[in-house]
Every structure is written in C-alpha cells, then in structure tokens.
Amino acid sequence: HTRFSRDWSSDVCSSDLSSPSLATGRTAMARLGELCSGRPTGWRETKPLQGFDNVWRVKVGRSYRMLFRVHEGRLEVLDLVHRQDLEKKLHQLIALR
C-alpha cells in the first residue's frame, strides 16, 4: 500500500486480504505510468468515486482497484485494494471525513 503522512488514506488499511502479488504490483505501476502519460487512453476504465472530491479509481488486473487523486498537477496514489474490500474501504473513508 502507498501511504502518505497526514493523509486520510494512512488511517485505513485493506489488510484483511493478503498483499497483492508481485504481478499485481507491476500491473499497478504500469497503470500509474499510463495515467501519468497524459494520453487519453491512459484514463480508460477510470471512474470518479461518488461522494469524494477529485478521487478516482482504476482497475488493476481483475481483482484490484487503485484509488488516487490528482492534486496540483501530481497524481497521488491513495491505496491499492482488492475489489471485495472496495465498498468497505469507501465506508471507512467516509467515516474519516
């Protein structure tokens, strides 16, 4: 998981499932590179999260979702969560606001 100090994402951890595999980590990094490339195709399968300002999700493989936001021209990864944990994670993030 990517953690940033003084960020709500650091207070929540999707640790109920095992850590993503090395292959999933590589896929996440590739998706991150596509997002940062500036090409519209890099944003395929990317959706804004309802109820959150400037927070997006993107598929990483079949089972994971990367949560991120764009802030001051930078893309900030908030977390990489298993799709089964996504709803639980969102409820936890809402409670932290």
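This passage walks through the fold, the salt bridges and a few notable residues of the protein shown above.

The model is a predicted one, and it is a good idea to start with the overall layout. The secondary structure comes to two helices and four strands. Reading from the N terminus, the order of the elements is α-β-β-β-β-α. Of the 97 residues in the protein, 35% are buried. The surface that the protein exposes comes to about 6,300 Å², and carbon and sulfur atoms supply 51% of that area. As for contacts, among those with a separation of 6 or more, 43% are made by residues 24 or more positions apart.

One residue shows what such a long-range meeting looks like. Threonine 24 sits in helix H1, which covers residues 22–36. In sequence, threonine 24 and valine 60 are 36 residues apart, but their C-alpha atoms are 7.0 Å apart in space. Leaving aside residues up to four places away in sequence, threonine 24 touches Val60, Tyr64 and Leu80. Is threonine 24 buried or exposed? Its relative accessible area is 15%, so threonine 24 counts as buried, the cut-off for that label being under 20%.

Next come the salt bridges, and the count is four. A good place to begin is helix H1. There, the side chains of arginine 31 and glutamate 34 meet in a salt bridge, with 2.5 Å from N to O. Why are these two separated by about one helical turn? Arginine 31 and glutamate 34 are three residues apart in helix H1, and that spacing is the reason. The two partners differ in how much of them is open to the outside: arginine 31 is buried at 7% relative accessibility, whereas glutamate 34, at 23%, is partly exposed.

Glutamate 34 has another partner too. It forms a salt bridge with arginine 44, where the closest N and O atoms are 3.4 Å apart. This pair links distant parts of the chain, since glutamate 34 belongs to helix H1 and arginine 44 to the loop between H1 and E1, 10 residues apart. Arginine 44 has a relative accessibility of 43%, so it counts as partly exposed. Put together, Arg31, Glu34 and Arg44 are linked in a network of salt bridges.

Another salt bridge joins aspartate 79 to lysine 89, and here the closest N and O atoms are 2.5 Å apart. Aspartate 79 lies in strand E4 and lysine 89 in helix H2, so this pair ties together parts that are 10 residues apart in sequence. Are these charged residues buried or exposed? Aspartate 79 is buried, with a relative accessible area of 0%. Lysine 89 is buried as well, at 2%.

Charge also turns up on the outside. Which residues gather in a patch of positive charge on the surface? They are Lys47, Lys59, Arg62 and Arg83. Arginine 83 is found in the loop between strand E4 (74–82) and helix H2 (86–96). With a relative accessibility of 46%, arginine 83 counts as partly exposed. That value fits with membership of a patch, because patches are made of residues with over 30% relative accessible area and no salt bridge.

Finally, the backbone has a couple of spots to look at. Most residues other than glycine have a negative phi. Glutamate 45 has a positive phi of about 60 degrees, although it is not a glycine. This residue is placed in the loop between H1 and strand E1 (46–48). Glutamate 45 has a relative accessible area of 49%, which means that it is partly exposed. Glutamate 72 also has a positive phi, near 50 degrees, and it too is a residue other than glycine. Its place is in the loop between strand E3 (64–71) and E4. At 67% relative accessibility, glutamate 72 counts as exposed, the cut-off for that label being over 50%.

Technical notes: Residues are numbered from 1 along each chain as its sequence is written. This is a predicted model: local features need pLDDT of at least 70, side-chain atom pairs count only at pLDDT 80 or more; totals for chains, interfaces and linings use all residues. Side-chain values use heavy atoms; hydrogens and water are left out. Patches are made of residues with over 30% relative accessible area and no salt bridge: like charges are joined within 9 Å, nonpolar side chains (Val, Leu, Ile, Met, Phe, Trp, Tyr) within 5 Å. Accessible areas come from the Shrake-Rupley method with a 1.4 Å probe; for residues, only the protein chains shown count as cover. Lys and Arg count as positive and Asp and Glu as negative; His and the chain ends are not counted. The place of a charge is taken as NZ of Lys, CZ of Arg, CG of Asp or CD of Glu. Buried means under 20% relative accessible area, exposed over 50%, partly exposed in between (1.4 Å probe, protein chains only). Contact means heavy atoms within 4.5 Å.
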